Amino acid sequence: MLARDLGPSGRGTIAFITVTALVIARVAGLGVGEATTVFAARRSQRRDVLLSNLVLFMLASSLLAAGLACTALLLLGDERPAGVGKSELAILVAGTLASALVEAGAAFLLGCGRLRRLALITATASWVYPLLLAVVWLNAGLTVTRAALAWVAAEGLRALLLLQQSAHGVALARPRLGLLVDSIRFGIRAWVGSFARFLNFRIDQILMGLLASEAALGIYAVAVNASEVLLYLPAATATALLPVAARAEPGQRGQQTLLAFRSAALVTTGAVVVAGILGPLLLPVVFGTAFRASVEPFLWLLPGALGFAAIAIFSNALVASTSPGLSSLGPFVSLVVGVALDLVLIPRFGATGAAAAASTAFLAGGCVAVGAYARRSPFAWKALFLPHRGDFEVLSALARPLRAGPK
C-alpha cells in the first residue's frame with residue numbers, strides 16, 4: 001500500500017523516519033536489553049528489579065537520544081531529506097520511545113524463556129500496522145504523516161503488549177542503581193556488536209536518504225524489505241539460542257551453536273535460490289511497475305543472507321558464553337566495511353551500490369564472527385559444513401504443517 005500509494009519518494013520518506021527511530025532507540029539502549037536477557041536467564045530471583053531498571057532506563061535514554069537527534073536534523077536545514085519537517089520529527093520522537101519499549105519487553109521475555117508469548121505478540125501485533133494503513137487508505141487516503149502515525153500507533157500497541165506480558169507474574173520492585181551499573185557494564189560490550197549488527201541493514205538506508213534522492217531510497221527500501229524475509233529464520237534461530245546457550249554447559253553450548261548454524265544455513269541457502277528465481281517476477285507485480293528498478297538491488301542483497309546468519313548465530317553464542325567483547329567483532333567489521341563501501345558506491349551506483357555493499361559487509365562480518373567463536377570455543381572447521389542427522393530436523397519441523405495439510 002505504501003509503495004503503490006506514495007510512490008518511490010513518499011516510500012523513501014517513510015523508510016527514513018522508521019529506520020531512524022529504530023536506530024536511535026538501539027543507540028539509546030547501550031546494551032542494557034542484551035544484559036537483561038542474560039541476567040534474567042541466570043538470576044531469576046532478580047527479575048523484578050531487572051524489569052524496573054530496564055523500562056525506566058529505556059524511557060529516559062531514548063527520550064534524550066531522540067531529542068538530540070531531532071535537534072541535529074533541524075540544524076541541518078535544507079540538507080535533511082525534503083519530506084521530513086517538524087511534524088515528522090515529532091513523530092520520530094514518539095516512534096523512538098515506542099521502539100525502545102518494544103526492545104525492552106522483547107529482551108525481558110526472551111531472558112525469561114517466554115518464547116511462545118514473545119512469538120505470539122510479534123506475529124499478531126505485526127499485522128496492526130498494515131490494518132491501520134488499510135483503514136486510513138480507505139477512509140482518508142494515505143499521506144506520509146498519516147502512514148508514519150499509523151506505524152507509531154502499531155509500535156506503541158506492540159510495546160504495551162510486550163510489557164504487559166513481561167510484568168505477568170513479576171512484581172515490579174524499586175530500581176537498583178548497582179544492578180543497573182552491572183547491566184550497563186556487561187551490556188555495553190555486547191551492545192557494540194548488537195548495535196553494529198542492527199546498523200548493518202539500517203545505516204545504508206539512512207545514508208541513501210542523505211547521499212541520494214528520496215526516490216532512490218524508496219527503490220532500495222522495497223528491495224531491502226523483500227530480501228529481509230530471508231533473514232527471519234537466522235535471526236529467530238539466534239534469538240532462541242541465546243537464553244538456551246546461556247544456561248547450558250560449555251560442552252553442550254558448542255554443539256548447540258554449530259547445529260543452529262548448519263540448520264539455519266541449510267534453509268537459508270534454499271530460500272536464496274527460490275528468491276533469486278521468483279523475486280524478479282514478483283517484485284513489479286506486488287509493488288507496482290514503478291519499483292521494477294528494485295529487482296537489481298534485490299538480487300545483489302541475496303548472498304548477504306548467509307553472512308547475516310553467521311553473524312547473528314555466532315555473535316549471540318559468544319554473548320551466551322560471557323564473551324560480549326568477542327561477540328562484537330563480526331558485526332563491527334561488517335559495519336565498517338559496509339559504511340566504507342556505501343560512501344564509495346552509493347553516489348555512483350545508487351540502490352544497486354548500497355545492495356552490493358550490504359552483501360559484502362555481511363559476508364565479511366560473518367567470516368570474522370565464525371573466527372571469533374572458534375577462538376573462544378575451538379571446533380573442527382568441517383563441522384561448519386558437514387551435515388548431521390539433527391540438522392534435518394529443522395526441515396522436518398518446517399515441512400510438518402505442509403504434510404499435515406488443511407484440517
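Here is a walk through a predicted model, one selection at a time.

**The whole chain**

Start with everything shown as a cartoon. You'll find 18 helices and zero strands in the protein. There are 407 residues here, and 53% of them count as buried. Now switch on the surface: the accessible area comes to about 18100 Å², with 68% of that belonging to carbon and sulfur atoms. How do the contacts run along the sequence? Take those between residues at least 6 apart in sequence, and 83% of them join residues at least 24 apart.

**Into the core**

Next, hide the surface and select Ile14, Tyr129, Tyr220 and Phe314. These four touch the most other members of the largest nonpolar core, which has 82 residues. Zoom in on tyrosine 220 and look at what surrounds the residue. Setting aside neighbours within four places in sequence, its contacts include Asp204, Gln205 and Met208. Pro297 and Leu301 are also among the contacts of tyrosine 220, and so are Ala351, Ala354, Ala355 and Ala358. There is a second core too, separate from that one: it has 21 residues, among them Val38, Ala40, Leu50 and Leu51.

**The aromatic cluster**

Back to the rings. The protein has four aromatic pairs. Select phenylalanine 261 and phenylalanine 314: their ring centres are 5.2 Å apart and their planes sit at 50 degrees, so this pair is tilted. Which helices does the pair bring together? Phenylalanine 261 belongs to helix α12 and phenylalanine 314 to helix α14 (residues 304–320), so the pair ties together parts 53 residues apart in sequence. Are these two buried or exposed? Phenylalanine 261 is buried at 9% relative accessible area, and phenylalanine 314 is buried at 0%.

Add tyrosine 373 to the selection. Its ring centre is 5.4 Å from that of phenylalanine 314, with the planes at 55 degrees, so this pair is tilted as well. Tyrosine 373 lies in helix α17 (residues 351–376) and phenylalanine 314 in α14, so here the tie is between parts 59 residues apart in sequence. Tyrosine 373 is buried too, at 1% relative accessibility. Put together, Phe261, Phe314 and Tyr373 form one aromatic cluster.

**Out to the surface**

Stay with helix α12 (residues 250–287), but move along to valine 285. At 57% relative accessibility, valine 285 counts as exposed, because the cut-off for that is over 50%. Bring the surface back and colour Val273, Val274, Ile277, Leu278, Leu281, Leu282, Val285 and Val286. Together they form a nonpolar surface patch with about 750 Å² of accessible area.

**A helix neighbour**

Now select valine 336, in helix α16 (residues 329–349). Valine 336 is partly exposed, with a relative accessible area of 45%. Draw a distance from its C-alpha atom to that of alanine 361: the two are separated by 7.9 Å, while being 25 residues apart along the chain.

**Last stop: a positive phi**

Finish at leucine 30, in the loop between α1 (2–29) and α2 (32–42). What is there to see in its backbone? The phi of leucine 30 is near 55 degrees, a positive value in a residue other than glycine. Most residues other than glycine have a negative phi. As for its surroundings, leucine 30 counts as partly exposed, at 27% relative accessibility.

How values were computed: Residues are numbered from 1 along each chain as its sequence is written. This is a predicted model: local features need pLDDT of at least 70, side-chain atom pairs count only at pLDDT 80 or more; totals for chains, interfaces and linings use all residues. Side-chain values use heavy atoms; hydrogens and water are left out. Patches are made of residues with over 30% relative accessible area and no salt bridge: like charges are joined within 9 Å, nonpolar side chains (Val, Leu, Ile, Met, Phe, Trp, Tyr) within 5 Å. Accessible areas come from the Shrake-Rupley method with a 1.4 Å probe; for residues, only the protein chains shown count as cover. A salt bridge is a side-chain nitrogen of Lys or Arg within 4 Å of a carboxyl oxygen of Asp or Glu. Helices (H or I, at least four residues) and strands (E, at least two) are DSSP runs, numbered from the N terminus. Buried means under 20% relative accessible area, exposed over 50%, partly exposed in between (1.4 Å probe, protein chains only). Contact means heavy atoms within 4.5 Å. A nonpolar core is a set of buried Ala, Val, Leu, Ile, Met, Phe, Trp, Tyr and Cys residues joined through side-chain atoms within 4.5 Å. Rings of Phe, Tyr and Trp (its six-membered ring) pair if their centres lie within 6.5 Å; planes under 30 degrees apart count as stacked, over 60 as edge-to-face and the rest as tilted.
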